[in-house]
Amino acid sequence: MYIVMIASECAPVSKVGGLADVVDGLSRELANKGHKVEVILPYYDCMKHSVVKDLQNNPVQVSVPCSGKQIFSTVHKAVVHENDCYFIKPHSQEKYFDRGIYYGKSDDDERFTVFSLSAIEFLLESGRKPDVIHCHDWQTAIIPVLLKAKYRQSALSDIKTCFTIHNIWHQGKTTEKVLKMAGLEPPIYADMTDDTDAAYVNLMKGGIIYSDIITTVSPKYASETKTPQMGEGLQKILSKYSDKYIGIINGVDYDSWSPGNDKYIPFNYEIDTIEDKYKNKGQLRKKLSMKDEFKPIVSVVGRLDMQKGVHLIRHALLHCLNNDMQFVLLGSSPDTEIDTYFHHLKYYLKNNGNCHIHLSHDEELAHLIYAGTDMILIPSLFEPCGLTQMIAMRYGTVPVVRNTGGLSDTVFDAEVSVKPVAERNGFSFDDFSYDAVTLALKRAATTWADKPYTFREIMLTGMKTDYSWRSSADKYLNLYNKISGKW
Ligand code: ADP
């Protein structure tokens with residue numbers, strides 16, 4: 001099978017969120033299974049150049065028809081984290097990817113449309129005929145539309161497309177101007193009219209209608225996004241196309257996340273050496289100047305965003321400090337209001353030896369937190385998949401999560417789940433409320449204190465479960481096979 005991934009991010013070279021991890025992890029796993037995989041990405045000036053290997057200095061040049069003119073883009077081949085990557089650099093006065101930023105410009109719709117057009121022209125120009133083109137999120141959602149409309153008579157017309165929704169909050173709502181610029185005709189505009197505001201067209205909606213298969217990053221999120229409460233206006237179109245809409249849980253990159261060979265933690269451990277986890281707990285306390293007392297440590301690692309339940313996190317932290325638990329928070333927020341909110345909390349608690357608040361991105365500390373804490377709290381309002389609960393379980397850290405999206409699909413409550421006891425791996429709660437989060441934390445803490453053998457079983461269940469890309473990549477392969485009939 002020959003697969004071309006086209007995306008706006010890929011770890012570790014250009015990462016904003018989970019999308020980058022999926023493009024990297026899925027591509028590598030597919031290649032490990034013997035398939036040919038190429039990843040097409042924008043050539044951002046701000047990407048992490050140090051991880052780009054074997055960058056060829058004779059780029060291919062393609063001419064891209066756009067707004068009735070031609071833009072020239074160069075395509076630079078390189079290897080990143082074992083993936084064969086092609087970086088696209090459009091050469092125009094707009095300097096689309098030379099802005100020192102990945103997203104957040106008022107012409108993002110244009111930037112990624114030019115990128116998408118350039119990717120298609122590169123495939124045509126180089127005579128590539130993949131079995132499947134896999135596009136991700138709104139930034140590349142126009143590609144299935146272009147292939148079925150503008151390029152319907154080209155050599156790429158019969159290539160099958162898979163479109164993955166990583167987060168339905170970001171849909172690429174734009175104006176017809178962008179579709180015109182891409183060379184699409186008015187009948188397509190009607191299809192892509194936004195369902196909540198007819199003055200706009202919606203790029204994600206185009207990807208949904210015109211791709212051969214749509215995926216999202218967990219089965220629960222696939223069903224949630226078909227409801228008015230969580231579909232963000234796309235519920236009708238997703239319900240209409242539900243026969244081709246499937247949820248597949250993301251995998252975790254076990255090369256980076258394994259307590260047995262994690263280079264960032266002082267004491268490596270496995271299931272049969274689990275006691276060494278507690279040496280990491282001691283190191284974490286030492287590093288963060290926390291008291292060495294017989295208490296569980298609850299952690300939070302993540303973006304501090306409304307999606308992640310910031311008020312519940314603050315409430316939980318104070319609850320833990322008042323109830324014989326310690327708390328470590330590692331998070332950052334580009335939102336100044338949220339950032340200030342947590343800086344105030346940090347100041348207020350600065351002499352409290354039972355907690356530590358670290359407000360920045362710190363990869364190394366994240367590893368030590370997964371290894372050195374007892375529970376991880378994830379009280380998200382919504383969570384398409386979530387990686388932190390799966391990483392934590394790999395490290396024997398018990399998740400306490402809100403029952404939503406991928407958290408529901410991966411965390412099964414130790415006391416009330418319908419799953420067999422042997423599959424119960426954490427604690428969960430339904431309501432997005434202070435009381436619900438507090439009760440779940442109380443249940444987890446009581447089990448930790450009063451039923452240590454049960455708590456140990458819950459830890460081991462998480463550690464034993466395979467959350468790697470292996471089985472998720474097989475699910476994608478089955479879909480590719482179904483649409484292309486090639487394998
Ligand atoms: P999302 O994609 O919504 O941000 P996920 O749970 O899917 O959330 O993935 C978050 C990833 O980012 C995890 O690998 C987590 O360890 C990492 N991460 C989040 N915040 C931080 C931080 N402040 N420092 C280090 N790593 C972080």
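**View 1. Val60 stands opposite Val75 in S4.** The model is predicted: local features need pLDDT of at least 70, side-chain atom pairs count only at pLDDT 80 or more, and totals for chains, interfaces and linings use all residues. Residues are numbered from 1 along each chain as its sequence is written, and side-chain values use heavy atoms, with hydrogens and water left out. S3 runs antiparallel to strand S4 (residues 69–80), joined by 7 bridges. Two strands count as paired if DSSP finds at least two bridges between them. Strands (E, at least two residues) and helices (H or I, at least four) are DSSP runs, numbered from the N terminus. A hairpin links S3 and S4, with 2 residues between them. Ser67 in that turn has a positive phi of about 55°.

**View 2. S4 and S5 form a hairpin.** Pairing here is antiparallel, over 9 bridges. Ser73 stands opposite Pro90 in S5. The hairpin has 2 residues between its strands. In the turn, His81 has a positive phi of about 50°.

**View 3. An open sheet of 9 strands has mixed pairing.** The order is S3-S4-S5-S2-S1-S6-S7-S10-S11. Strand S3 (60–66) and strand S11 (245–247) are the edge strands, and each pairs on one side only. From one strand to the next, the twist averages 25°. Axes are lines fitted to C-alpha atoms, for helices over the stretch in contact, and angles run from 0 to 180 degrees between N-to-C directions. Strand S6 (residues 132–136) and strand S7 (residues 160–165) run parallel, joined by 5 bridges. Val132 stands opposite Lys160 in S7.

**View 4. Helices H1 and H6 lie across strands.** Helix H1 (residues 18–32) lies across strand S1 (2–6), strand S2 (36–42), strand S5 (83–91) and S6. H1 runs at about 155° to S2. Helix H6 (residues 203–210) lies across S7 and strand S10 (213–216), at about 135° to S7. Contact means heavy atoms within 4.5 Å.

**View 5. An open sheet of 6 strands has parallel pairing.** The order is S14-S13-S12-S15-S16-S17. Strand S14 (355–358) and strand S17 (427–429) stand at the edges with a single partner strand each, so one side of each is left without a neighbour in the sheet. The twist averages 15° from one strand to the next. Strand S12 (residues 297–303) runs parallel to strand S13 (residues 326–332), and 7 bridges join them. Val328 in S13 is the bridge partner of Ser299. Helix H12 (residues 363–372) lies across S12, S13, S14 and strand S15 (375–378), at about 145° to S12.

**View 6. The ligand has 17 residues around it.** A residue is near a molecule or strand if one of its heavy atoms lies within 4 Å of it. Arg303, Lys308, Ser360, Tyr370 and Leu387 come nearest. S12 gives the most to this shell, with 3 residues. The shell divides into 6 nonpolar, 7 polar and 4 charged residues. Here Ala, Val, Leu, Ile, Met, Phe, Trp, Tyr, Cys and Pro count as nonpolar, Asp, Glu, Lys and Arg as charged, and the others, Gly among them, as polar.

**View 7. Ligand oxygen atoms approach Lys308, Leu387 and Thr388.** An N or O atom in the Lys308 side chain is 2.9 Å from an oxygen atom of the ligand. A polar backbone atom of Leu387 is 2.9 Å from a ligand oxygen atom. For a polar backbone atom of Thr388, the distance to a ligand oxygen atom is 3.4 Å. Taken alone, the ligand exposes 560 Å², and the protein buries 90% of that (Shrake-Rupley method, 1.4 Å probe).

Methods:
A polar contact is a pair of N or O atoms within 3.5 Å; within protein, one must be able to donate a hydrogen and the other to accept it, and residues adjacent in sequence count only if both atoms are side-chain atoms.
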